[in-house]
Amino acid sequence: MTLRKFQATEIFDGRTLLPNHVLISDSEGTVIDLIPAEQAGESVEVMKGTLMPGFINAHCHLELSHLKDVIPPHTGLIEFLCSVVTKRGFNPAVIQEKIRLAEQEMYQNGIVGVGDIGNTADTAAVKKQSRIYWQNFTEVLSFTDEKAEASCLHFEGVVHELKKALANSPLPHRTNLVPHAPYSISPKSFEWINQATAGEVISMHNQEHPAEDHLYQTGKSEYLRLFKIFGIEQSPFPVTGKSALRSVLPYFNRNQTILLVHNTSTSEEDIAWAEQYAKENGLTLYWCLCINANRYIENKTPPIEALMKHGCRIVLGTDSYSSNWQLSIAKELQTIHNHFPLIPKETLLQWATSSSANALRWEETLGSFQKGKKPGIVLLSENWETSTRLL
Ligand SMILES: [Zn+2]
């Protein structure tokens with residue numbers, strides 16, 4: 001067996017930063033050992049930077065890769081959403097080519113697993129050949145109870161199509177339904193998704209704008225502009241007098257793991273409430289940060305300090321090319337570090353590896369340098385600037 005021996009300025013093993021260690025792997029990247037440098041013998045490949053397991057991108061929309069540079073930065077969320085729904089249509093060949101390039105970019109910059117949102121099965125051909133693990137979140141958009149059944153059946157069809165296309169892939173990909181957001185899912189549609197996802201990992205865009213809370217608190221909201229595009233004149237959602245998160249989380253009661261994505265307008269009170277609610281009702285919450293997308297769309301930052309204060313599980317995502325300059329978890333880490341320089345490096349790297357491997361149930365293979373795993377071997381440069389997959 002040909003062995004590779006890697007030494008860098010430091011090695012992050014999924015949990016801790018270790019100086020003066022050497023990672024030994026086979027030629028395919030399966031971890032053989034992680035040992036003190038003085039025991040490593042000869043033929044050690046020495047490099048600058050942090051050697052670490054591959055990144056997990058917990059939130060992406062690969063199928064929107066053709067929207068790179070289409071929507072300008074800082075439009076605000078409502079205008080952004082109106083643009084995405086009206087500008088999605090492109091030549092199918094262009095869509096396929098951009099999906100292929102985005103997958104390649106993520107592979108090369110060290111992303112080994114993706115929680116990927118899709119409303120279509122457009123990404124199937126690329127994923128079938130991919131060396132990245134895919135958790136496909138087939139995203140339901142279903143604004144009204146009248147159309148709930150027809151919409152949910154349509155998206156179950158997409159789940160079926162993706163599952164069939166990926167059945168014989170080299171890696172075991174997963175596909176299931178998820179709700180898009182509190183502002184796009186009617187009560188009956190939420191109930192359908194709850195029944196369809198017992199015990200599964202799901203995700204939901206959450207409180208990306210204060211107007212989401214207004215919708216449930218008063219029924220009046222900037223989101224009415226978005227609904228007009230779909231021919232809906234009034235808010236189709238019940239007025240609960242509560243925040244969006246408090247209004248919709250109770251639809252779930254079947255032991256789901258739920259990734260709440262963005263959370264830029266989530267209050268500390270809602271964070272504390274949601275954690276308590278999940279604990280009492282058999283749900284597992286992960287809070288997914290997409291800070292570069294938040295900077296791109298609204299020029300905001302997510303409430304990271306409040307999430308940390310309440311001991312929340314945190315993971316990271318890039319969101320799609322419609323709202324990011326690149327699909328790189330290293331760049332997400334760099335931005336978080338620039339805005340929150342007091343967060344320890346180990347904590348940030350855990351969010352990008354072991355925490356997200358747990359969230360997406362890839363901890364048997366990905367997220368750490370435990371012996372026998374094949375988590376991808378990545379070199380992160382010293383200033384968070386670049387990341388490269390070595391194996
Ligand atoms: Zn998203």
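L259 touches A58, G115, S203, Y286, C288, V315 and A359, leaving aside residues up to four places away in sequence. The model in which these contacts are found is a predicted one.

L259 also belongs to a wider set. The largest nonpolar core has 106 residues, and L259, C288, V315 and A352 are the members that touch the most others in it. Two of these, C288 and V315, have already appeared among the contacts of L259. By element, the biggest share of this core comes from helix α4, residues 148–166, which gives 6 residues. The core is also supplied by both domains, with at least three residues drawn from each of domain 1 and domain 2.

What are these domains? Domain 1 is made of two stretches of the chain, 1–53 and 368–391, while domain 2 covers 55–366. Between the C-alpha centres of domain 1 and domain 2 the distance is 31 Å. Where the domains meet, domain 1 contributes 20 residues to the contact and domain 2 contributes 19.

Which strands supply the side of domain 1 that touches domain 2? At least two residues each come from β7 (50–53), β16 (377–380) and β17 (387–389). Of the elements on this side, β17 gives the most, with 3 residues. Sorted by class, the side of domain 1 that touches domain 2 holds 8 nonpolar, 7 polar and 5 charged residues.

Definitions and conventions:
Residues are numbered from 1 along each chain as its sequence is written. This is a predicted model: local features need pLDDT of at least 70, side-chain atom pairs count only at pLDDT 80 or more; totals for chains, interfaces and linings use all residues. Domain bounds come from an automatic or database domain assignment. Two residues are in contact if their C-beta atoms, placed from the backbone, lie within 7 Å. Helices (H or I, at least four residues) and strands (E, at least two) are DSSP runs, numbered from the N terminus. Ala, Val, Leu, Ile, Met, Phe, Trp, Tyr, Cys and Pro count as nonpolar, Asp, Glu, Lys and Arg as charged, and the others, Gly among them, as polar. A nonpolar core is a set of buried Ala, Val, Leu, Ile, Met, Phe, Trp, Tyr and Cys residues joined through C-beta atoms within 7 Å. A residue is buried if 20 or more other C-beta atoms lie within 10 Å of its own, exposed if 12 or fewer, and partly exposed in between; C-beta atoms are placed from the backbone.
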